[in-house]
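This briefing sets out the sheet, the nonpolar core and the cysteines, grouped by topic. Please keep the sequence and the structure in view while reading.

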Amino acid sequence: MEYRERKSGILLHPTSLPGKYGIGTLGANAFEFVDFLQQSKFKIWQILPLNETGFGNSPYQCYSTIAGNPLLIDLDLLQQDGFLSSEDLKIHANLFNDSSEVDFDLVVKHKMPLLRSIYNVFRLNASAFDDYIEFCNYHQQWLNDYALFMAIKEYHGGKPLIEWELPLRLRHEEAIDAMYDKLILEVSFQKFIQYIFFRQWMKLKKYANDRGIEIMGDIPIYVSMDSVDVWVNPQFFEVDEELNPLQVAGVPPDYFSETGQLWGNPVYRWDALEADSFHWWHRRFKGAFIMFDRVRIDHFRGFSQFWSIPAGDKTAVNGRWVDALGHDLFSSVCDHYGNLKIVAEDLGLITPDVEHLRIRFGYPGMKILQFAFDSSECNCYLPHTYDYNCVVYTGTHDNNTTLGWMHEASESDLLKATQYLHCTPNTFVSSLIRTALASVADIAIIPMQDILELDETARMNIPGTVGGNNWKWKMTNNQLKSIKTEEFSLMNQLFNR
């Protein structure tokens with residue numbers, strides 16, 4: 001019999017960790033969470049994209065495909081390094097409490113000026129500066145452009161790329177050189193932020209790996225229009241000569257939305273990517289697998305065909321399917337890097353060509369248990385239909401919590417679910433978790449909200465919407481301490497996870 005390694009994990013974005021400074025960070029609470037995973041015998045920590053967020057605080061709308069989110073930098077670790085006083089920390093901590101929601105605007109308002117003050121102290125520390133210079137040299141391929149992009153953006157009061165004056169938007173050499181000279185300190189500060197972020201992240205990753213915990217990261221298929229990626233490589237995107245978008249991404253109308261979803265990200269010029277031997281994508285994968293041990297690729301369907309919508313449309317109705325070159329891309333990636341640990345997010349309208357692409361490269365797809373109990377039909381999300389090579393979830397960051405799903409389910413769907421799980425509504429959440437862990441799927445992932453059995457108020461995101469409570473959910477210290485690790489440890493042992 002073929003031996004297959006079985007693992008389980010928890011989905012929790014670092015911003016949702018407990019934290020006394022208004023947001024989860026890469027500090028003590030993150031290390032304690034790794035300890036919790038080890039004690040509970042979970043072996044994977046799945047997170048959302050770690051990049052610096054732009055519009056709507058969404059980790060899927062970022063200024064860079066590589067740069068880290070400075071809001072995740074931990075202040076206590078900086079105090080230990082001698083860049084902050086205990087009084088500085090006390091003043092900052094008094095602005096927040098251990099709430100169940102992140103106030104991104106308040107965190108930005110108080111954290112970024114503090115990081116600038118730290119940078120001014122750091123610049124006077126010659127011994128630490130050598131390490132910083134080494135980091136800048138190693139990452140110069142992406143870091144120089146990113147730092148200048150963010151410095152110019154700051155100079156323009158946060159205005160998006162499309163509103164910059166044309167010489168800067170189009171990277172005219174004279175305009176770029178003049179702005180670099182003018183903003184050299186701000187450019188250096190932006191590099192410093194990344195130096196600190198990567199230093200803290202890699203320490204946390206090593207701590208996790210040393211304890212047998214893998215990190216599963218996330219690669220969004222698309223980039224933000226307001227990003228350094230479009231600014232530096234416009235030839236790879238459907239934009240005009242002034243960087244105005246021509247075609248944008250989304251998904252077509254379906255059962256859930258009569259007008260589809262209009263995401264607004266620029267779609268790719270796959271012929272240009274191919275002509276460049278997919279080097280842009282190679283850099284993304286290389287960067288991702290430095291940061292993570294395993295990677296989930298968002299909207300895998302778009303590597304076979306993508307829904308292309310005329311820029312300026314108010315809905316996704318007038319889009320059309322366009323062929324992508326995913327087979328050629330992944331063949332090239334395999335030739336360069338071998339068989340990477342990739343998970344394909346194959347949800348939504350999946351056609352045979354998408355399945356063929358996933359199976360061709362051996363990537364596990366995703367099974368969502370909340371999708372399994374449509375009483376009107378039998379479907380591929382019911383556990384008895386699984387093959388081994390998949391990742392099963394109770395739900396994802398785009399779903400309601402399982403308790404929230406139960407509250408909103410129709411009577412017939414809930415009846416089918418409780419009959420299938422052989423449980424009552426009172427034990428539904430724990431039964432669904434147990435079913436995921438017991439399934440034949442090689443990997444089972446449980447969102448932290450389901451571990452805590454939280455209701456719909458703890459939902460992370462509602463797809464196709466902006467603002468509201470999206471991305472704001474945050475766990476409290478008391479919630480983490482309330483989890484009975486021995487119960488999950490026993491289940492993971494029973495089901496050979």
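**Briefing on the predicted model**

Strand 1 (residues 7-11) and strand 12 (residues 443-447) pair in the parallel sense, and five bridges join them. This is a predicted model, and the pairing just described belongs to an open sheet of eight strands, in the order 9-6-3-2-1-12-11-10, with parallel pairing.

**Sheet**

- The edges of the sheet are formed by strand 9 (342-344) and strand 10 (365-368), each of which pairs on one side only.
- From one strand to the next, the twist averages 25°.
- Within the pairing of strand 1 and strand 12, I10 has I446 in strand 12 as its bridge partner.
- Helix 1 (residues 28-39) packs on the sheet, where it touches strand 1 and strand 2 (44-46), and the direction of helix 1 makes about 135° with that of strand 2.

**Nonpolar core**

- The largest nonpolar core comprises 160 residues, and W45 and M448 are those with the most contacts inside it.
- Helix 9 (residues 184-210) gives the most to this core, contributing 11 residues.
- When its neighbours within four places in sequence are left aside, M448 is in contact with I10, L11, L12, F33, F36, W473, M475 and I483.

**Cysteines**

- The structure holds zero disulfides.
- C62 has a relative accessible area of 9% and is therefore buried, the cut-off being under 20%.
- C136 likewise counts as buried, because its relative accessibility is 8%.

Definitions and conventions: Residues numbered from 1 in each chain as written. Predicted model: local features only at pLDDT ≥ 70, side-chain atom pairs only at ≥ 80, totals over all residues. Heavy atoms only, no water. Core = buried A, V, L, I, M, F, W, Y, C linked by side-chain atoms within 4.5 Å. Buried < 20%, exposed > 50% of the residue type's maximum accessible area, 1.4 Å probe, protein only. Helix = DSSP H or I, 4+ residues; strand = E, 2+ residues; numbered from the N terminus. Contact = heavy atoms within 4.5 Å. Pairing = 2+ DSSP bridges. Axes fitted to C-alpha atoms, helices over the stretch in contact; angles between N-to-C directions. Disulfide = S-S within 2.5 Å.
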